[in-house]
Structures are given as structure tokens and as C-alpha cells.
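Me: I would like a close look at a single part of this protein, set against the rest of the chain. Please take the time to connect the details.

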Amino acid sequence: RCHALVTAWMERPAGVEEWFQRLPQLLSVQGWEIASDRHGHGTSGTHEAAGTLSHCLCPWGGRLIKITLDGIAIKDPPQDSSHVLVRPEVRAQFLKDHPEYSAAGYGVFGFELLNHVAPGHAVVKTWALWSLFRLCTVLFGQLSSGHGEEGSARQRLVRDFPRHGDATYTHSQDFGEIRDVLVICRPTMLDAFDVQVIFSVQEDKFAHWAVPQFAKLMESARKSTEWFLNRPGVNQLRQLDEDFYTILAIQSWQRGPPFLPARTGDGVVAPTVTIDAGEKLGLTSWSRFHPPGEKFLFSQYLEQFLEYLLGEQIDVFSSLDGRQLVPYQAAVLRQKWSRIRMVFSDAFSLQKTAYRRANGGTTAPNVHEDVKPRFLPHGSTRGNDISSAVESCVSQEAPQHKVVVRRTFLEVETDDEEIDFDCSERHGRRYRTVNSLCTDRSGPE
């Protein structure tokens with residue numbers, strides 16, 4: 001087959017950025033053959049909904065179909081346009097809590113959660129495809145392919161990519177005719193989005209015989225997309241998505257990494273600091289945390305701290321919606337954090353005592369909750385950059401203004417100026433006031 005060009009390119013994309021690396025012209029008209037282009041005015045004199053259907057050979061086999069829908073209206077859109085799509089794990093939780101929506105066909109890509117990998121990244125069990133894709137299977141795929149298959153699929157949500165304000169979603173599965181799907185929602189005007197749906201089919205020959213059906217396909221695509229983005233309960237779903245995680249940050253650790261409750265007798269380093277005040281909690285012995293890598297990551301430290309403290313593993317994430325958090329921040333499920341935050345607060349106050357005793361002085365690490373997430377640049381952890389062709393369509397992020405957190409009734413360390421805890425509005429959304437956990441029982445200054 002002509003698409004078998006380079007062995008490395010035949011592997012399917014593992015994530016959103018790989019789609020653009022494989023196909024720099026993904027959002028361009030170049031490299032695509034247009035099969036249907038709907039613009040102009042309808043017979044009633046009203047403006048006809050714009051959209052195009054195009055196709056090209058798929059680098060990893062088969063053919064890619066791209067459906068572009070302009071000006072999809074959103075009722076009560078989220079203040080942050082990148083939140084128009086919702087994380088897969090949130091959708092799974094919502095459908096679990098509200099089975100009435102699932103019974104009504106609410107679960108597009110009908111699924112249940114199998115493995116929560118990271119915020120915005122999950123493996124799900126699927127047993128139904130979007131009605132749009134069932135129609136596309138008939139038009140572009142093998143008629144013998146089954147439509148009722150079920151199995152596991154990997155879904156990812158990436159926000160603010162490829163352009164600031166975008167929401168990009170991928171669905172990848174190893175069964176059925178349609179196996180790879182990419183959805184991009186881009187804000188264009190007040191309460192409207194341009195939506196691009198790109199998917200692969202196994203057949204590498206385009207179904208020219210189906211051209212007369214494309215008008216109906218585009219009409220069906222628009223209706224199903226409008227329904228999906230405005231479906232019943234979607235505002236409640238987006239609110240759940242908004243509050244699903246809490247972002248934590250650590251500061252004031254310039255004099256070395258923070259400490260962990262020491263464990264002896266199991267190969268762990270012997271304690272270096274003893275705190276008599278920790279006897280009540282069984283936390284008298286402390287050892288300094290040694291990062292497993294070259295750099296300190298708060299997510300690694302916090303996960304190990306909680307495991308030592310609680311005797312169970314609490315998932316702590318270093319990324320959020322496909323973007324790597326800065327090293328001093330971490331994400332935790334809000335429901336789990338609410339359950340353990342006071343236990344952590346009591347234990348971490350002892351860690352601060354151990355840190356001061358080991359290093360001298362009054363400075364010690366402090367943990368803040370509900371801070372604004374800060375990210376490393378896209379692709380910075382992969383060791384390579386997205387091609388210049390893709391970068392040309394990616395706008396630079398809006399600058400993040402520095403906001404100084406003033407003292408409150410809770411303790412906030414003021415001798416540390418290298419971290420900016422921003423509680424300003426972001427795209428119209430106001431984050432909760434940045435709180436410093438009250439982890440110093442000596443009281444506020």
C-alpha cells in the first residue's frame with residue numbers, strides 16, 4: 001500500500017501532539033482532498049451552515065476523514081472555552097451518579113471507567129459509537145464490519161492545544177472500523193465554536209460512490225455535534241469537571257528537599273531528625289526526601305508522604321489535561337483530598353519542625369491548596385518540539401500576571417519570592433482564594 005512509507009510512521013499516534021507531528025497539515029486545507037464544501041445561502045434565503053468534508057491517506061494505514069463544522073452554537077458556554085469538552089473520568093463518574101442520562105443515550109462513546117491514568121486521560125470500556133460514526137462506517141468503511149462490538153478504548157483530553165482556548169479530545173481503540181478519532185473545538189465568536197472531527201477508517205480507497213449522501217452526512221454531523229455540546233445536564237457535568245481536582249503547591253524549600261516520616265527495618269534510610277511532639281501521631285522520626293530523578297517533583301514527594309502517613313497509595317498527578325504541571329505543583333482528586341487534608345495538615349506541621357531543626361532558622365516548606373495551575377510548555381517533557389508547520393497555528397499563551405498573595409489569618413511564608421501563587425481571574429473564571437494549610441501549631445504571625 002502507498003501509505004506504508006516509513007515503518008516508524010505506521011504506528012498509531014499515542015496522544016494529541018503525535019497527531020500533529022505525523023500530520024502537520026492537520027488543520028490546513030493543504031494535503032486534503034475536499035469531497036463536500038457547504039457554504040453560501042440556503043433555499044429559504046438564510047445563511048447555510050458552513051462545513052466541509054475532506055480526506056487523505058492515513059500515515060498509519062487506511063484513510064483519514066475530516067469533517068469541519070463552522071459556528072456550532074453553545075448555550076451557556078463555559079467561561080474558559082477550553083472547558084467545553086469534559087474529561088473522560090468525569091463523564092464516567094457523572095453517568096455513574098446519574099444513570100438516567102445514560103439510559104437516555106447520554107453517553108456518547110458509551111463507556112465505563114476501567115483505568116484512571118491521569119487528569120484527562122483514562123482507559124474506558126466502550127460498547128457504542130457516536131451515531132455519526134456509525135453512519136460514516138457505512139459510507140467509508142467495510143460494510144462487513146460489526147457495529148455492536150465492545151472493548152477498551154483510550155481517551156485523552158488536552159486543553160489549550162493546539163491554540164490557547166482550544167479543547168482537543170482523542171479516542172483510540174483496537175476494534176471496529178473506526179479506531180482513531182480526534183475532535184478539536186475552537187472558539188470563534190460569542191457562544192460559538194468551530195469543530196473539527198477527524199477519524200481513521202481501515203479502507204484506503206475513498207468511497208466516491210457515496211458523494212450524493214454527503215449532504216445528509218454533514219447535516220447529521222452538525223445536528224449530532226450541536227446536541228452533544230448542548231445535551232441535557234451538560235452544565236452540571238462541566239461544573240463537576242471544574243471542581244474534580246484540587247491543585248496543591250509547595251514553597252519555601254530552598255534549603256533542601258522536605259522530610260518524610262522515617263521507616264526503619266525495611267531497607268529505608270534511618271531517621272535523621274527526631275521530633276518528640278510527633279509521638280502522639282507515631283511520627284517522631286523523620287528523614288529527608290531524596291528525589292528518584294535529577295529534579296524535585298512535588299507530586300513524587302506528596303505521593304510518598306501520603307503512603308507513609310496513611311499506609312495506602314493516593315494518586316497524585318504531575319499533569320493536568322495533557323499538560324505538565326510545574327515541578328512545585330501537583331493535582332489530587334478533590335474528593336480524596338477532602339478526606340485526608342486534615343490528617344496531612346497535622347503530619348506536615350511536624351515535617352516543618354523537622355525541617356527547621358535539621359537546617360536551623362525559621363523557614364520551612366509550606367503547602368498551599370486550590371492554587372492556579374501553572375504549566376510547562378507543550379512537548380517540553382518529550383525531548384522534541386512540534387514541527388514549525390504546527391507551531392505556526394499555535395498562538396502564544398496569554399501572559400500570566402504576577403499577583404502577590406497577602407497575609408491572611410492562615411500562615412503564609414513571606415521570605416520565599418520565587419513562586420507566584422496567582423489567584424486572579426483566568427478567562428473569566430475566578431479561582432478560590434489561595435489557602436495555606438494551617439500546618440504550624442505555633443499560630444499565625
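How many of the 10 residues of α2 are buried, and why can the helix be described as enclosed or not by the rest of the structure?

Reply: This is a predicted model, and the description below should be read with that in mind. Of the 10 residues of α2, 7 are buried, so the helix is largely enclosed by the rest of the structure. The buried positions of α2 are Pro 88, Glu 89, Val 90, Arg 91, Ala 92, Phe 94 and Leu 95, a list that holds Glu 89 and Arg 91 alongside residues such as Val 90 and Leu 95.

To place the helix in its setting, the chain has 9 helices and 20 strands, and buried residues make up 51% of its 445 residues. Among contacts between residues at least 6 apart in sequence, 69% join residues at least 24 apart. The accessible surface of the chain comes to about 20900 Å², with carbon and sulfur atoms accounting for 51% of that area.

On the sequence side that leads into α2, a loop runs from β3 (63–73) to the helix, and Asp 76 lies in that loop. Asp 76 has a positive phi of about 50° although it is not a glycine, and its relative accessibility of 56% means that it counts as exposed, the cut-off being over 50%. Strand β3, on the other side of this loop, contains Thr 68, which counts as buried at 13% relative accessibility. Thr 68 touches Ala 50, Gly 51, Thr 52, Val 195, Gln 196 and Met 218, when residues up to four places away in sequence are not counted. The contact with Val 195 joins distant parts of the sequence, since Thr 68 and Val 195 are 127 residues apart along the chain, while their C-alpha atoms are 6.0 Å apart in space.

Val 195 is also touched by Cys 185, a residue of strand β8 (residues 178–189) that counts as buried at 1% relative accessibility. The other contacts of Cys 185, again without residues up to four places away in sequence, include Val 84 and Leu 85, as well as Gly 165, Asp 166, Ala 167, Phe 193 and Asp 194. The C-alpha atoms of Cys 185 and His 83 are separated by 9.8 Å, although these two residues are 102 residues apart along the chain.

The helix also takes part in the interior. The largest nonpolar core has 51 residues, and those with the most contacts inside it are Trp 286, Phe 298, Tyr 301, Leu 302, Phe 305 and Phe 344. Helix α2 (88–97) supplies at least two residues of this core, as do β10 (245–251), β11 (259–261), α7, β16 (329–333) and α8. The most is given by α8, with 8 residues. Apart from this core lies another, of 32 residues, among them Ile 72, Cys 136, Phe 199 and Leu 229. As a general background, nonpolar side chains in soluble globular proteins tend to be buried together.

Two of the other contributors to the core that α2 shares, α7 and α8, also pack against each other. Helix α7 (residues 298–310) and helix α8 (residues 334–359) meet at an angle of about 100°, with their axes 11 Å apart, which makes α7 roughly perpendicular to α8. On the α7 side the contact is made by Tyr 301, Leu 302, Phe 305, Leu 306, Leu 309 and Leu 310, and on the α8 side by Ile 340, Val 343, Phe 344, Ala 347, Phe 348 and Gln 351. By class, this contact has 11 nonpolar residues, 1 polar residue and no charged residues. Phe 298, one of the residues with the most contacts inside the core, touches Leu 248, Ala 249, Ile 250, Pro 327, Tyr 328, Gln 329, Ala 330 and Val 367, not counting residues up to four places away in sequence.

Taken together, α2 is a helix with 7 of its 10 residues buried, it supplies at least two residues of the largest nonpolar core, and the loop between β3 and α2 holds Asp 76, which counts as exposed.

Notes:
Residues are numbered from 1 along each chain as its sequence is written. This is a predicted model: local features need pLDDT of at least 70, side-chain atom pairs count only at pLDDT 80 or more; totals for chains, interfaces and linings use all residues. Side-chain values use heavy atoms; hydrogens and water are left out. Helices (H or I, at least four residues) and strands (E, at least two) are DSSP runs, numbered from the N terminus. Buried means under 20% relative accessible area, exposed over 50%, partly exposed in between (1.4 Å probe, protein chains only). Contact means heavy atoms within 4.5 Å. Accessible areas come from the Shrake-Rupley method with a 1.4 Å probe; for residues, only the protein chains shown count as cover. Axes are lines fitted to C-alpha atoms, for helices over the stretch in contact, and angles run from 0 to 180 degrees between N-to-C directions. Angles under 35 degrees count as roughly parallel, over 145 as roughly antiparallel, 65 to 115 as roughly perpendicular and the rest as oblique. Ala, Val, Leu, Ile, Met, Phe, Trp, Tyr, Cys and Pro count as nonpolar, Asp, Glu, Lys and Arg as charged, and the others, Gly among them, as polar. A nonpolar core is a set of buried Ala, Val, Leu, Ile, Met, Phe, Trp, Tyr and Cys residues joined through side-chain atoms within 4.5 Å.
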